[in-house]
Amino acid sequence: MSLAGARLLRAPAAAWPLRQRHRLRRLLATAGTLALALALLIWSLLPTYNMLLIALDAEGDTEYAGTVWPAEPTLESFRVVMTGDYWYLEHFWHKFANSLIVALATMMLTIFIGSLASFALGRMRLARGWLLGNFAILTYAVPASFLVIPFYRIMRAYGLSDTLWSVIAADVAFATPYAILILQQYAKLIPREIDEAAQVDGASPLAVYRSIYLPLTAPALAAVGTFALLLAWNEYLYQYLLLTSDRNMTVAVAIAQFFDADEAPWNYMMATAIVYALPPVAIFFALRRWVMAGMALGGAKG
């Protein structure tokens with residue numbers, strides 16, 4: 001047998017261990033990735049699980065000595081929250097409605113203002129439009145906590161203190177710059193030829209915005225709307241300082257009042273927090289398809 005023939009016979013045998021090592025490395029990488037993802041998932045859900053344990057405990061005990069479930073779980077704390085039997089939870093559903101109004105109004109106004117601004121800056125060829133778009137992001141250079149006193153004085157000067165509109169205005173002011181940035185970047189994926197074709201057919205800028213821009217940027221609108229809603233839902237400082245009457249109080253401020261008690265009922269507090277967290281979670285999962293579609297389109301065209 002020639003030397004070349006012998007090498008051909010030995011090649012598959014030599015390549016087999018190499019394929020095995022490559023497959024083993026892939027399996028180890030996959031196992032390591034899954035283990036890391038599982039650890040991160042457990043670490044992320046652990047505080048929420050601890051909240052559930054405290055809410056299900058009849059006494060609101062915060063120490064379990066290694067147990068993973070209360071000895072006698074009960075839904076009594078959730079019943080108290082739903083019925084408002086505890087004096088800190090009086091008018092709970094009215095406060096819940098205030099929180100919902102603030103969050104939904106912030107989301108809608110952020111989408112409306114952000115989409116109009118991004119359309120004008122990115123699609124109408126305004127002079128130095130890029131400068132105006134970047135200038136809006138500079139608002140994040142100053143921490144929001146530093147602006148609360150000036151904002152309080154402005155709302156007081158305009159007669160909007162102790163109203164839900166004052167909180168809505170503050171939340172929209174902080175959410176809109178981010179919305180403009182995201183919508184501008186997303187709109188770059190949409191060919192300008194579509195706008196030009198519509199204008200040739202006689203469409204006005206408003207018609208292009210309503211019939212072309214808004215439908216094509218729907219995934220990005222869902223993303224910035226979700227961001228604005230979560231921002232308004234989780235914000236506390238402005239709600240605490242701008243809302244002083246019990247009639248306009250939100251759930252975020254009501255939960256903080258539990259710490260005024262000498263012995264805070266932790267089970268009621270955790271049950272309130274869980275109920276309060278359900279609406280944004282439901283809205284996020286309802287809009288998840290749109291958000292994922294926007295991310296997939298951006299990745300495919302980027």
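1. Fold. This chain comes out at 12 helices and 0 strands, and reading along the sequence gives α-α-α-α-α-α-α-α-α-α-α-α. Helices (H or I, at least four residues) and strands (E, at least two) are DSSP runs, numbered from the N terminus. Keep in mind that this is a predicted model: local features need pLDDT of at least 70, side-chain atom pairs count only at pLDDT 80 or more, and totals for chains, interfaces and linings use all residues. Residues are numbered from 1 along each chain as its sequence is written, and side-chain values use heavy atoms, with hydrogens and water left out.

2. Burial and surface. Of the 302 residues in the chain, 37% are buried; buried means under 20% relative accessible area, exposed over 50%, and partly exposed in between (1.4 Å probe, protein chains only). The accessible surface of the chain is about 18500 Å², and carbon and sulfur atoms own 69% of that. Those areas come from the Shrake-Rupley method with a 1.4 Å probe, and for residues only the protein chains shown count as cover.

3. Contacts along the chain. Take the contacts with a separation of 6 or more: 74% of them join residues 24 or more positions apart. Contact here means heavy atoms within 4.5 Å.

4. Helix 3, starting with N98 and A103. N98 sits in helix 3 (residues 92-123) and is buried at 6% relative accessible area. Leaving out residues up to four places away in sequence, N98 touches L164, R247, N248, M249 and T250. A103 is also in helix 3, and with 0% relative accessibility A103 counts as buried. With the same sequence neighbours left out, A103 touches L229, A232 and W233. The C-alpha atoms of A103 and V172 are 9.9 Å apart, for two residues separated by 69 places along the chain.

5. Salt bridges. The count is 2, where a salt bridge is a side-chain nitrogen of Lys or Arg within 4 Å of a carboxyl oxygen of Asp or Glu. One of them pairs E76 with R79, with the closest N and O atoms 2.7 Å apart. E76 and R79 are 3 residues apart in helix 2 (residues 76-83), so about one helical turn separates them. Both ends are partly exposed, E76 at 35% relative accessibility and R79 at 39%.

6. The K95 bridge. K95 pairs with D246, and here the closest N and O atoms are 3.7 Å apart. K95 lies in helix 3 and D246 in the loop between helix 10 and helix 11 (251-256), so the pair ties together parts that are 151 residues apart in sequence. K95 is buried, at 4% relative accessible area, whereas D246 is partly exposed at 39%.

7. E235, worth a look. What is the nearest side chain of opposite charge to E235? That would be K95, 16 Å away, and E235 is buried yet has no salt bridge. (Lys and Arg count as positive and Asp and Glu as negative; His and the chain ends are not counted.) E235 is in the loop between helix 9 (218-234) and helix 10 (237-242). The E235 side chain does reach the backbone nitrogen of Y238, at 2.5 Å. That is a polar contact: a pair of N or O atoms within 3.5 Å, where within protein one must be able to donate a hydrogen and the other to accept it, and residues adjacent in sequence count only if both atoms are side-chain atoms. Beyond its neighbours within four places in sequence, E235 contacts V167, D171 and A252.

8. Aromatics. There are 12 aromatic pairs. The ring centres of F119 and Y213 are 5.1 Å apart and the planes sit at 65 degrees, so this pair is edge-to-face. F119 is in helix 3 and Y213 in helix 8 (residues 205-216), so the pair ties together parts 94 residues apart in sequence. Both F119 and Y213 are buried. Y236 and Y240 make a stacked pair, 5.5 Å centre to centre with 25 degrees between the planes; Y236 is partly exposed at 33% relative accessibility, and so is Y240 at 46%. As for the rule, rings of Phe, Tyr and Trp (its six-membered ring) pair if their centres lie within 6.5 Å; planes under 30 degrees apart count as stacked, over 60 as edge-to-face and the rest as tilted. F92, W93, F96, W233 and Y276 form one aromatic cluster.
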